[in-house]
Amino acid sequence: MPSARFLFSLALGSSFALPAACQLSCTKESFSTYLTSHPEYNASVEQVYHIAKGETFEVPASDIAYPQSPTDLPELCAVQIKVISSPTSAYSFGLFLPVEWNNRFLAVGNGGFAGGINWVDVGVGARYGFASMSTDTGHNSTSSDGSWAYHAPEKVIDWGYRAMHGSVVLSKQVIETYYAQKLKYNYYSGCSTGGRQGLRSVELYPEDFDGVIAGSPAWWTAHLQTWTVKAGTYNANPSSQIPESMFTVIGDEIIKQCDPQDGLRDKVVSAPQQCNLNLETLLCRQAQQEDCLSPAQLDTLRLIYSDYVDVNQTFVFPHLLPGSESQWEVLINNGTANPLGPDYVRYFLGLGKQWMQEQFDYRIVQLADRLNPGNATASDFDISPFQKNGGKLLMYHGMADGLIPTDSSLYYYNQVTNAVAPKGIDLDSFYRFFYVPGMQHCVGTPDNMHAPWYFAGPNQGPTLSSSLHSVPGFSDAKHDILLALMDWVEKGTAPENIIATTWDNDTTQEQVYRQRPLCFYPQKAVYTGKGDPNEAQNWECQALY
């Protein structure tokens with residue numbers, strides 16, 4: 001993990017001090033002495049490494065959730081600290097402390113049920129100059145494995161909110177001691193579960209961050225995970241099962257029907273909620289036997305595109321949007337629910353390994369609401385304390401997301417509106433929500449859309465390169481959501497739109513293929529009718545009503 005030069009220096013008994021004026025040096029002994037002198041932290045040092053400019057931080061093999069190693073790093077000190085959170089639980093967090101520091105702190109989020117330090121996104125933050133941090137949320141697992149939560153309520157609390165908040169608080173103290181300077185600003189960036197962590201921080205600890213990016217948030221844990229089980233049943237009946245080979249056919253038909261709804265035929269579905277679907281076009285006719293659906297399969301398709309409503313017409317969760325078909329193999333697949341659903345029921349709700357998805361009914365949703373494991377659901381919608389503290393929140397969600405229904409974010413936005421607007425608070429003054437047409441879950445776009453999706457959001461850089469940060473060739477607040485948030489927090493310049501980018505073959509080594517503005521709700525981007533539609537200046541934001 002450490003560089004060869006660093007190991008050689010240790011053999012000689014020397015150490016690196018970064019920087020010379022700080023109260024801590026980049027050695028395990030120095031950080032251990034500091035934490036020992038503060039027993040109230042209940043913390044210990046697990047590792048400290050010096051990373052020279054251009055080197056790689058080799059992620060330990062034990063970090064199974066986030067194995068990607070950040071490369072081409074700036075010179076920094078890498079620190080990992082363990083905190084005892086209860087008699088039966090503990091969490092760790094990793095810090096990158098760059099020599100060229102911007103006097104700011106950035107925390108990054110996790111995904112799914114993952115337990116591991118997200119070092120590669122910590123590396124993204126360090127390249128901007130942030131002292132950046134990620135927590136393992138108190139356990140070690142892949143994103144879809146929830147078995148660690150069984151009969152472990154303290155670990156679930158760590159995952160729900162405690163590990164993030166505790167890591168943030170201690171990180172700030174360590175950073176200010178290390179640099180012997182006060183932090184100027186504190187930021188957060190996360191997607192999926194990371195988006196939920198950001199919203200939960202806004203709700204529970206409004207002073208933790210000055211600015212928060214919450215992407216595609218898995219905020220409604222009790223309903224999202226139970227909907228995941230329900231969605232896994234939609235395609236389970238052999239007589240009405242849609243084969244996975246048809247998902248692409250359905251997706252192509254959706255583009256054919258819904259692409260023109262935004263006024264431009266470009267294969268990007270940017271107004272799926274306004275699309276008048278005629279699903280009967282997919283119905284098998286006469287001798288046609290391929291690339292079509294039987295009446296029973298068509299009923300399954302309608303179910304997938306319908307909200308989950310249960311006993312007494314109770315709304316449980318919104319449906320997947322038309323245009324999300326490229327990711328249906330994750331949750332819809334062949335009728336076997338993704339582990340994110342059953343594992344939640346088995347281990348978070350405590351029904352045990354023997355519980356099967358065939359046993360699912362509305363009582364499971366009611367149980368999840370009653371238990372709310374780990375107090376994880378971000379449903380404290382009155383976020384006015386965050387606004388009063390000067391906080392700024394940017395939230396977004398991809399319209400081609402096949403893992404978390406896009407309009408769960410609209411539901412959250414509307415609930416916050418209901419909570420704070422009657423108090424005379426203007427949401428646009430501190431909270432803006434962006435739809436991202438054609439973007440899948442947090443990153444990427446379907447091959448048949450090739451929509452602009454990259455704006456340096458959480459998880460996006462490492463998807464393209466282990467050494468990437470910001471937007472190559474467009475490293476400014478118009479194209480980079482983190483820089484846009486910083487401008488809003490520090491200069492009072494609110495983002496009217498954020499320009500998303502995609503490249504040929506979706507690699508930054510190629511030419512830019514498309515750029516489009518993302519407009520904050522309730523606006524949408526509309527082509528002016530003049531100039532190249534693949535250039536952002538030929539689009540404008542217009543109100544939906």
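# Notebook: helices, overall shape and a few single residues

I started with helix α5, residues 193–204, in this predicted model. Its twelve residues reach 16 Å from first C-alpha to last, close to the 16 Å expected at 1.5 Å a residue.

I then looked up burial along α5. Eleven of its twelve residues are buried, so the helix is largely enclosed by the rest of the structure. I noted the buried set: Thr193, Gly194, Gly195, Arg196, Gln197, Gly198, Leu199, Arg200, Ser201, Val202 and Glu203. Charged names appear in that list, among them Arg196, Arg200 and Glu203.

Next came helix α6, residues 221–234. I expected 20 Å for 14 residues at 1.5 Å each, and the end C-alpha atoms are 20 Å apart, which agrees. How many of the 14 residues of α6 are buried? I found twelve, so α6 too is largely enclosed by the rest of the structure. The buried residues run from Thr221, Ala222, His223, Leu224 and Gln225 through Thr226, Trp227, Thr228 and Val229. Ala231, Gly232 and Tyr234 complete the list.

**Whole protein**

I stepped back to the full chain. I logged 15 helices and 15 strands. For 545 residues, a compact globule would have a radius of gyration near 24 Å; the protein has 24 Å, so the two agree. The C-alpha atoms fill a box of roughly 80 × 60 × 50 Å along the principal axes.

I checked burial and contacts as well. Buried residues make up 60% of the 545. Of the contacts with a separation of 6 or more, 67% are between residues 24 or more positions apart.

I looked at the surface next. The accessible area comes to about 21000 Å², and 48% of it belongs to carbon and sulfur atoms. For charge, I noted 33 positive and 55 negative side chains. The centres of the two sets lie 4 Å apart.

**Glu329**

I found Glu329 in helix α9, residues 328–331. Is Glu329 buried, partly exposed or exposed? Its relative accessibility is 40%, so I entered Glu329 as partly exposed, the class between 20% and 50%. Leaving aside neighbours within four places in sequence, I found Glu329 in contact with Glu244 and Phe247. I also took the C-alpha separation from Glu329 to Ser245: 9.8 Å, for residues 84 apart along the chain.

**Lys530**

I located Lys530 in the loop between β14 (523–527) and β15 (539–543). Its relative accessible area is 64%, so Lys530 counts as exposed. I took one long distance here: Lys530 and Leu371 are 55 Å apart, C-alpha to C-alpha, and 159 residues apart in sequence.

**Backbone entries**

I looked up a cis peptide bond. It joins Tyr521 and Pro522, with omega about 10°. Pro522 lies in the loop between β13 (512–519) and β14.

Which phi does His151 have? I read a positive value of about 55°, although His151 is not a glycine. His151 sits in the loop between β5 (131–135) and α4 (153–179). At 63% relative accessibility, I counted His151 as exposed, because the cut-off is over 50%.

Ser470 also went into the notebook. Its phi is positive, about 60°, and Ser470 is not a glycine. I placed Ser470 in the loop between α14 (460–464) and α15 (481–491). Ser470 has a relative accessible area of 2%, so I entered Ser470 as buried. His151, by contrast, is exposed.

Methods:
Residues are numbered from 1 along each chain as its sequence is written. This is a predicted model: local features need pLDDT of at least 70, side-chain atom pairs count only at pLDDT 80 or more; totals for chains, interfaces and linings use all residues. Side-chain values use heavy atoms; hydrogens and water are left out. Helices (H or I, at least four residues) and strands (E, at least two) are DSSP runs, numbered from the N terminus. The expected span of a helix is 1.5 Å times one less than its number of residues. Buried means under 20% relative accessible area, exposed over 50%, partly exposed in between (1.4 Å probe, protein chains only). The radius of gyration is taken over C-alpha atoms; the globule rule is 2.2 Å times the number of residues to the power 0.38. Contact means heavy atoms within 4.5 Å. Accessible areas come from the Shrake-Rupley method with a 1.4 Å probe; for residues, only the protein chains shown count as cover. The place of a charge is taken as NZ of Lys, CZ of Arg, CG of Asp or CD of Glu.
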